[in-house]
Amino acid sequence: MPRLVRKGRPMSEDFPVESAGFGGAERDESRNLDSVAAERRRLMSLAFRMMGTLADAEDVVQETYVRWYRLEAEEREAIATPAAWLMRVASRISLDMLGSARARRETYVGQWLPEPVPADLFADAVKEPTSSSNITADPLDRVSLDDTVSMALLTVLESMTPAERVTFVLHDVFGVPFVEIAGVVGRSPGAVRQLATSARRHIRGGRRAQVPPRQHDEVVRAFRDATAGGNIEDLLRVLAPDVELRVDGGGFVNAAPQVIRGSDHVARWFMGVMRKQPALRFERRDTADGLGYIIRNGERRYGMATFDVSAECVTNVWLMLNPLKLTSWSLD
């Protein structure tokens with residue numbers, strides 16, 4: 001991964017001083033270590049949306065801070081807005097990492113899913129970027145999102161190219177103008193706008209009409225009751241005919257190697273699991289998708305189930321069994 005700063009120069013060609021502040025806003029006074037470290041949560045929020053797992057997001061943020069602290073004092077003083085510089089560097093690192101991540105996932109054992117996270121993990125972490133540009137000039141070009149770390153959205157982001165994903169997250173989630181994203185992805189502002197348009201087509205084509213949270217949770221509770229009660233007829237009534245089940249075991253546990261499609265197949269899969277492991281129980285958790293469940297086998301954490309609901313039926317079930325992607329969920 002190429003360094004973004006070269007020794008003995010104010011900034012590399014990739015990140016010149018005049019563009020290092022996302023629009024050249026006035027220098028703020030928060031250049032001390034505490035203020036820079038305070039950006040960590042926002043950077044994690046950004047990197048998680050880019051990468052889809054907390055471990056990869058942590059790598060992005062760590063590398064971003066390494067590059068900041070490698071700067072000479074004079075180089076840091078030349079940066080108009082440190083918070084925006086950190087965001088830009090984290091975005092570029094994410095872009096580089098997404099390419100290698102795709103190659104790794106081709107050899108992943110079974111199905112790969114983004115990491116499910118608690119509803120409040122990144123609450124209030126998205127704020128307006130430090131920029132002098134008018135980010136509200138094209139509000140109709142931005143996708144209206146009720147959430148931005150849900151499995152429903154993250155799985156769609158996986159279908160995008162790295163450049164599309166970075167552009168979408170920066171513009172539609174964080175409100176960064178296209179002219180400034182162009183410096184991150186190495187494209188013209190016009191080309192970046194086209195990337196955003198393509199990304200939104202993925203979003204609109206991959207997500208169904210959203211239901212109110214209360215309705216979502218009622219349907220999910222009905223799913224839980226039918227599954228735990230072992231009643232396949234009740235379970236079939238709550239599953240959409242074209243429901244899809246994806247299971248990520250990461251090679252650590254046995255998991256369905258392919259997507260399971262159709263209400264009958266999905267219902268029979270869950271009934272089979274419950275017959276083999278009758279001690280499984282469901283404990284509610286608030287996820288970015290709404291109500292979800294930690295599944296325990298006795299005192300052992302078995303997995304995490306999150307759901308997508310359309311109308312009055314479950315349309316997608318994401319079952320995370322990979323223990324490396326369950327670290328943000330306590331056993332309490």
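Biologist: How many cavities of 30 Å³ or more does the structure hold?

Modeller: Two. Keep in mind that this is a predicted model.

Biologist: OK. What's the volume of the largest cavity?

Modeller: About 60 Å³.

Biologist: And which residues line the largest cavity?

Modeller: Going along the chain, you meet Leu98, Arg102 and Arg105, then Leu157, Glu158, Met160, Thr161, Pro162 and Arg165.

Biologist: How do the residues of that lining divide into nonpolar, polar and charged?

Modeller: Four are nonpolar, one is polar and four are charged.

Biologist: Which elements each supply at least two residues of that lining?

Modeller: Helix α5, residues 82-105, and α7, residues 162-173. Of the elements, α5 gives the most, with three residues.

Biologist: What about the second largest cavity, how much space lies in there?

Modeller: About 50 Å³. Its lining is made of Trp269, Phe270, Val273, Met274, Leu280, Phe282, Ile295, Tyr302 and Leu319.

Biologist: Which elements give two or more residues to that one?

Modeller: α12 (263-276) and β3 (280-287) do. The largest share comes from α12, with four residues.

Biologist: And how does the lining of the second largest cavity divide by residue type?

Modeller: Nine nonpolar, no polar and no charged.

Biologist: Switching to the strands. Is β5 mostly covered or uncovered?

Modeller: Mostly covered: β5 spans residues 300-310, and nine of its eleven residues are buried.

Biologist: In which sense do β4 and β5 pair, and over how many bridges?

Modeller: β4, residues 290-297, pairs with β5 in the antiparallel sense, over five bridges. To pick out one position, Tyr293 has Ala305 of β5 as its bridge partner.

Biologist: What does the hairpin of β4 and β5 have between the strands?

Modeller: Two residues, and in that hairpin Gly298 takes a positive phi near 70°.

Biologist: Then how many bridges join β5 to β6?

Modeller: Seven, and β5 and β6 (residues 313-320) run antiparallel. There, Asp308 stands opposite Asn316 of β6.

Biologist: Which residue takes a positive phi in the hairpin of β5 and β6?

Modeller: Ala311, with phi near 60°. The hairpin of β5 and β6 has two residues between the strands.

Biologist: Back to α5 for a second. Ser91 lies in that helix. Why does Ser91 count as buried?

Modeller: Because its relative accessible area is 0%, and buried means under 20%.

Biologist: Which residues does Ser91 touch, leaving out those up to four places away in sequence?

Modeller: Leu46, Met50, Val166, Leu170 and Val184.

Biologist: Last topic, confidence. What pLDDT does the chain average?

Modeller: The average is 84, and 82% of the residues score at least 70.

Biologist: Which elements have the lowest and highest mean pLDDT?

Modeller: Helix α1, residues 33-37, has the lowest at 78, while strand β2, residues 260-261, has the highest at 98.

Biologist: Where is the pLDDT below 50?

Modeller: One stretch is residues 23-31, which has 25 contacts in the model beyond near neighbours in sequence. Residues 130-140 are below 50 too.

Biologist: How many contacts does the 130-140 stretch have in the model?

Modeller: It has 23, again beyond near neighbours in sequence.

Key:
Residues are numbered from 1 along each chain as its sequence is written. This is a predicted model: local features need pLDDT of at least 70, side-chain atom pairs count only at pLDDT 80 or more; totals for chains, interfaces and linings use all residues. Side-chain values use heavy atoms; hydrogens and water are left out. On a 1 Å grid over the protein atoms alone, a cavity is a set of points where a 1.4 Å probe fits but cannot get out, and a pocket is an open set with protein on both sides within 12 Å along at least five of seven lines; lining residues have an atom within 4 Å of a point. Grid points are joined across faces, edges and corners, and a volume is the space filled by probe spheres set on the points. Ala, Val, Leu, Ile, Met, Phe, Trp, Tyr, Cys and Pro count as nonpolar, Asp, Glu, Lys and Arg as charged, and the others, Gly among them, as polar. pLDDT is the predictor's confidence in each residue, from 0 to 100. Contact means heavy atoms within 4.5 Å. Buried means under 20% relative accessible area, exposed over 50%, partly exposed in between (1.4 Å probe, protein chains only). Two strands pair if DSSP finds at least two bridges between them.
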